[in-house]
Structures are given as C-alpha cells and as structure tokens.
Amino acid sequence: MNLDEKYFYIPDSTDNISFLTEQLFRQQTQSWQTAADNYKGLEKVKARELDINGIHFIVQCNPERIRSSSAKVDAKSISERKCFLCPQNLPAEQQCIPISDDFIILVNPFPVFPKHLTISKLQHTDQLIAKNAGTMLDISAILTDYVIFYNGPQCGASAPDHLHFQAGSKGFLPVEKEFAEMKSRLPVHRYKSVEISFAADYLRRMITLQSAGRDCLLETFSEIYNILDVLQPHESEPMLNIICYAGKDEWIMHVFPRIKHRPAQFFADGDGQLLISPASVDLGGVIIAPRNEDFEKITGESIIDIFDQITTGKVEFEKIMHEITKLK
Ligand SMILES: [Zn+2]
C-alpha cells in the first residue's frame, strides 16, 4: 500500500506536532463516522465516583471498550486475526501523523479519554518496553497535553504483537493529582538524579520515577526493569503497566508491577462475573466497565479485591523496594 495516502500531514522538524495532532483529532472526529459516533457517545457514557479509603476512583460504563477488555491475546488467537495496527489494515478513513521514522500518531476510535490517541510503530513488532522506554519519554515530551501509557503484552494490550503506546488527555486520571498530593509522604530513593518513590498502600503498588534527565531516567528504568525481570523469568518481559507524562521541567513515570493479567471475576459465571480487564487506565484510577450490569454491580470491595489479585503483593513489593534502594 502507499503509506502517503494515510498521512494527514508529514511534519518537518519545525512543525508543532501537538498542534497538528489537534487538527488530526478534529478532522477524524468530523469525517470518520466511527470516530465521530464514539466521541459523541463518550459525552453520554455513565460514570460514577468511588472513594475507597480516601483513594479516588471513577467507574466508566463504556460499551465500545468491550473489544479491548475481552480481547483474546493468546498466541493462537493473535496468529489467526489480522493485526489492526498494521498500516495496511487500518480503516480507510483513518489517517495518521508520522512522528519519527517509525512511529505514527492515530486517533483511537474507541475512546476512554476526551481525546484518546494510539501511537504505534509502523512495522509489525512485538509489544516490549525494554528498548522502547526512550520512545515513550520522547512522545510525552512532544504531546505535553497528554499522559502516555503502555500496557504490557499480558497486562491489557489488545495487540501484544504490535508495539504501541496510547495517549489520553491530561487531568483525567486520578493518579496524576493523587500522586502530587501524596508524594511528600512516600519513601524516596535517589539514584543518578532520579527520584524514585514507592506507593505501597495505594491499593495498587506503584513505583514513580521523576527526573529532568532523559538518560539517567532510562538507566534507572532499566535497572528497575531488571529487578522485576528476575522475579518473572518465564514472561517475555516483567508484567507491568506504565503511565508517563512530562511536567513543567521533568518527566514523571509511574510503573505498576503486576502478577496477573485478569482477575478471577473476569472468568466467573453468572452473578459473580465482572468483565473488568485492568490495564493502565484502570491502574490510573478509571475503572472501565464495558457492560452496564458490571458498572451497576461493582463496589469498592470488588475493586480492592481485583487490584489485590493483579498487582504485586505487599511482601514482594517490599523485596522490590529493598533491591531498588540498593542502587547507588
Ligand atoms: Zn501489526
């Protein structure tokens, strides 16, 4: 296929990509019916707020997300479907902006955020973060109105075979504000001008890296990745979700170590079933319930239980913290 047909605009080094992305967003939500309908639908989705021991959650009832929440990501199912992120398989109306030699910005037609993007690699290559964390930092420095997030291949990515990030409007996920509020109370370790803080009592376990330095941030991430990797030698990479954004003069990167893809409720029958498949957005504080029955039914207790099953346990997290604080 001729990729040029898919390009909304090819920026040069002087172009403001944030501005172009806003134009792409406007164009796609005006002239691509699926995107237009789903962004309009998003304004009417039901949402309710939950306070669990002082921690804030929003539950969003979003039927269009059923594809992602229930996506089959086993090797056989993946090999039998056409990859929906490969440029030749994109819907005819979908356009993109190239942001480097090998990544493109797309409007996500099944939004959770008021503005929701997918940033995917042009080539079909596995979803793995080890060599791509730098790209994530670079994207967040370009798209400063967005948080950038990464779902590991067994942690919510619906295309585990095609490297991609997503981006959503800043200020939407409770974790941004909550982290700023709780930061002064968290234990902190400093390594190579990176501040590493540990949130062990946030229902989910969270390690946050903050720094203005790209290289030292990547080096620190790599050290933490290796510590997590040792604990899960049989996975293609340690199970994790990442939410990253650029502040005024530094990057903030939240890493959520995981131990499980989906909770028992996902596979339960009848009344016990909750079709909740947690990924970065959920760990950021917005729980996505594609089915109305789950939206109505879910309680603070079930969220505590789901997070308890999927995130690294307290004892394991203490070990991880201990290993990280040995970094000098
Ligand atoms: Zn692909």
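This is a short talk about one sheet and one pair of helices in a protein model.

Hi everyone, and thanks for having me. Please keep in mind that this is a predicted model.

Let's begin with the sheet. Ten strands form it, and it is an open sheet with antiparallel pairing. If you want to trace it on the screen, the order is β3-β4-β5-β7-β6-β11-β12-β10-β9-β8. Which strands stand at the edges? They are β3, residues 96–98, and β8, residues 188–191. Each of them has a single partner strand, so one side of each is left without a neighbour in the sheet. Neighbouring strands are also turned against each other, by 20° on average if we ignore direction.

Now let's zoom in on β6, which covers residues 146–151. In the sheet order, β6 sits between β7 and β11. With β7, residues 164–169, β6 pairs in the antiparallel sense over four bridges. One pair to look for there is Phe149 of β6 with its bridge partner Gln166 in β7. On the other side, β6 is joined to β11, residues 240–246, by four bridges, and those two strands run antiparallel as well. Here you can find Tyr150 with its bridge partner Ile242 in β11.

Is β6 mostly covered or mostly open? Mostly covered: six of its six residues are buried. Tyr146, Ile148 and Tyr150 point one way from the strand, while Val147, Phe149 and Asn151 point the other way. If that pattern looks familiar, here is the background: in a regular strand the side chains alternate between the two faces of the sheet. In β6, the residues pointing either way are all buried.

Further along the sheet, β10, residues 204–211, and β12, residues 251–257, run antiparallel and are joined by five bridges. Look for Ile207, which stands opposite Val255 in β12.

Let's finish with the helices. Helix α5, residues 133–142, packs with helix α7, residues 214–231, at an angle of about 140°, and their axes are 10 Å apart. That angle makes α5 oblique to α7. The crossing is right-handed.

Which residues meet there? From α5 we have Ala133, Gly134 and Leu137, and from α7 we have Arg214, Leu217, Leu218 and Phe221. Sorted by class, this contact has five nonpolar residues, one polar and one charged.

That's my tour, and I'm happy to go back to any part of it.

Technical notes. Residues are numbered from 1 along each chain as its sequence is written. This is a predicted model: local features need pLDDT of at least 70, side-chain atom pairs count only at pLDDT 80 or more; totals for chains, interfaces and linings use all residues. Axes are lines fitted to C-alpha atoms, for helices over the stretch in contact, and angles run from 0 to 180 degrees between N-to-C directions. Angles under 35 degrees count as roughly parallel, over 145 as roughly antiparallel, 65 to 115 as roughly perpendicular and the rest as oblique. A crossing is left-handed if the near helix is turned anticlockwise from the far one by less than a right angle, and right-handed if clockwise. Two residues are in contact if their C-beta atoms, placed from the backbone, lie within 7 Å. Ala, Val, Leu, Ile, Met, Phe, Trp, Tyr, Cys and Pro count as nonpolar, Asp, Glu, Lys and Arg as charged, and the others, Gly among them, as polar. A residue is buried if 20 or more other C-beta atoms lie within 10 Å of its own, exposed if 12 or fewer, and partly exposed in between; C-beta atoms are placed from the backbone. Two strands pair if DSSP finds at least two bridges between them.
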